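Reader: I am new to this structure and would like to understand how its labels are earned. Could you take me through them one at a time?

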Amino acid sequence: MYHRVAETNIDPWQLCVSPQHFAEQMDTLTSLTEPVHLANIRERSGNRPRVAITFDDGYADNLIAAKPILQRFSVPATVFVSTGYTGSQTGFWWDRLEEIFLHPGSLPLSLLTLDINGSKRTWRISEADRHYNDRDCRRHRDWAALKSAPPTSRHAAFCELWQQLMNLSDEGREQHLRSVADWAGHSEPAVARCMTQAELRDLFDGDLVHPGGHTVSHCRLSALQPDQQREEIVGCRRQLEDMLSRKVVDFSYPFGRRSDYTSYTVEAVADSGYERACTNHGGLVQPDSDNNELPRVHAADLSGTEFRSWLSTVIDV
Ligand SMILES: [Zn+2]
């Protein structure tokens, strides 16, 4: 499972693999495994283990950086797109938060106050963390939000806000994000850009890269009412099918942990025209894996050699 193919000094969710590493990883996969489309992952042929590459979200670098490498190695892939972000100038909400708190710049000393569902929350950036430069970014290059404690008051505010915002509806989240951006004086367009309609058509032109649904607004489905969940799941498929004039049968749950969707979600996905759905549960597809909750493994930013030795701990190569 991949998200972005890009170079960066700031990657709190470990979404980026550099173009050089991605090429080395595809080279390794073609020499040791049989890369196939997700639809064919369960078929058996030959001695090599089958591997299906997926990307979540719909970042522009999937077309610009990843597709040429997939073409060079003839590796098929599925890209799951959150359609509501198509052509967005501000990018995905978690990136906007990252750009405000973790990219170089200055933040105000004034208290950030948000009223979230009737409860008043406040954050303060310490004097020492107020100004942040490239060197600070490099120092925290390896910080991973899910693995270690926030090293500065910027990182702490970033984590707490992420947690608060992920449980809101799209409108609520957008309103609070605007307040945070106003407080920070942040108005720049996204660094991590989402694909435009034209780019999505380019990416899915031909048979190498298949489109998949990832909801409209990249919502946490378990936090939504049943009818809102259906709108997100069905709406995304309709928008993609209209845009691309092709059938969309693959889905991946945003965030993808067991707590991020419910048994209702799984049923709604299955009877909305999707044939299979991917989670973020770490693991390999087994003969008894449920097609509506397929496990995946996260590919880290490793060189070809590192990737090869990691791969040998995951599959029999
Ligand atoms: Zn996602």
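Reader: How many salt bridges does the structure hold, and what makes a pair of side chains a salt bridge?

Author: The structure holds 16 salt bridges, where a salt bridge is a side-chain nitrogen of Lys or Arg within 4 Å of a carboxyl oxygen of Asp or Glu. This is a predicted model, in which local features need pLDDT of at least 70 and side-chain atom pairs count only at pLDDT 80 or more, whereas totals for chains, interfaces and linings use all residues. Residues are numbered from 1 along each chain as its sequence is written, and side-chain values use heavy atoms, with hydrogens and water left out.

Reader: Why is the contact between aspartate 61 and arginine 4 called a salt bridge?

Author: The N to O distance between these two side chains is 2.8 Å, which is within 4 Å, and therefore the pair counts as a salt bridge. Aspartate 61 lies in helix α2 (residues 61–73) and arginine 4 in strand β1 (residues 4–5), so the salt bridge ties together parts that are 57 residues apart in sequence. Here helices (H or I, at least four residues) and strands (E, at least two) are DSSP runs, numbered from the N terminus. Both aspartate 61 and arginine 4 are buried, a word that means under 20% relative accessible area, while exposed means over 50% and partly exposed lies in between (1.4 Å probe, protein chains only).

Reader: Are glutamate 43 and arginine 50 buried, exposed or partly exposed, and how do you know that?

Author: Glutamate 43 has a relative accessibility of 42% and therefore counts as partly exposed, whereas arginine 50, at 15%, counts as buried. Their side chains meet in a salt bridge of 3.6 Å, N to O, and Glu34, Glu43 and Arg50 are linked in a network of salt bridges.

Reader: What makes aspartate 271 exposed or buried, and with which residue does aspartate 271 form a salt bridge?

Author: Aspartate 271 has a relative accessible area of 52%, so this residue is exposed. Aspartate 271 forms a salt bridge with arginine 230, the closest N and O atoms being 3.0 Å apart. Aspartate 271 lies in the loop between α9 (263–270) and β13 (276–282) and arginine 230 in helix α8, so this pair ties together parts that are 41 residues apart in sequence. Arginine 230, at 29% relative accessibility, counts as partly exposed.

Reader: Which atoms coordinate the zinc ion, and what makes an atom a donor?

Author: The zinc ion is coordinated by Asp57 (OD), His214 (NE2) and His218 (NE2), at 2.0 to 2.2 Å. Donors are N, O and S atoms within 2.8 Å of the metal (3.2 Å for Na, K and Ca), and because water is not among the atoms, sites may look incomplete. Aspartate 57 counts as buried at 3% relative accessibility, and histidine 214 is likewise buried, with a relative accessible area of 0%.

Reader: How do you know that cysteine 236 is not bonded to cysteine 219?

Author: A disulfide is a pair of cysteine sulfur atoms within 2.5 Å, and the sulfur of cysteine 236 is 9.5 Å from that of cysteine 219, the closest cysteine sulfur, which is too far for a bond. The structure holds 0 disulfides; cysteine 137, too, is in none, since the nearest cysteine sulfur, that of cysteine 16, is 13 Å away. Cysteine 236 counts as buried at 0% relative accessibility, and cysteine 137 is buried at 3%.
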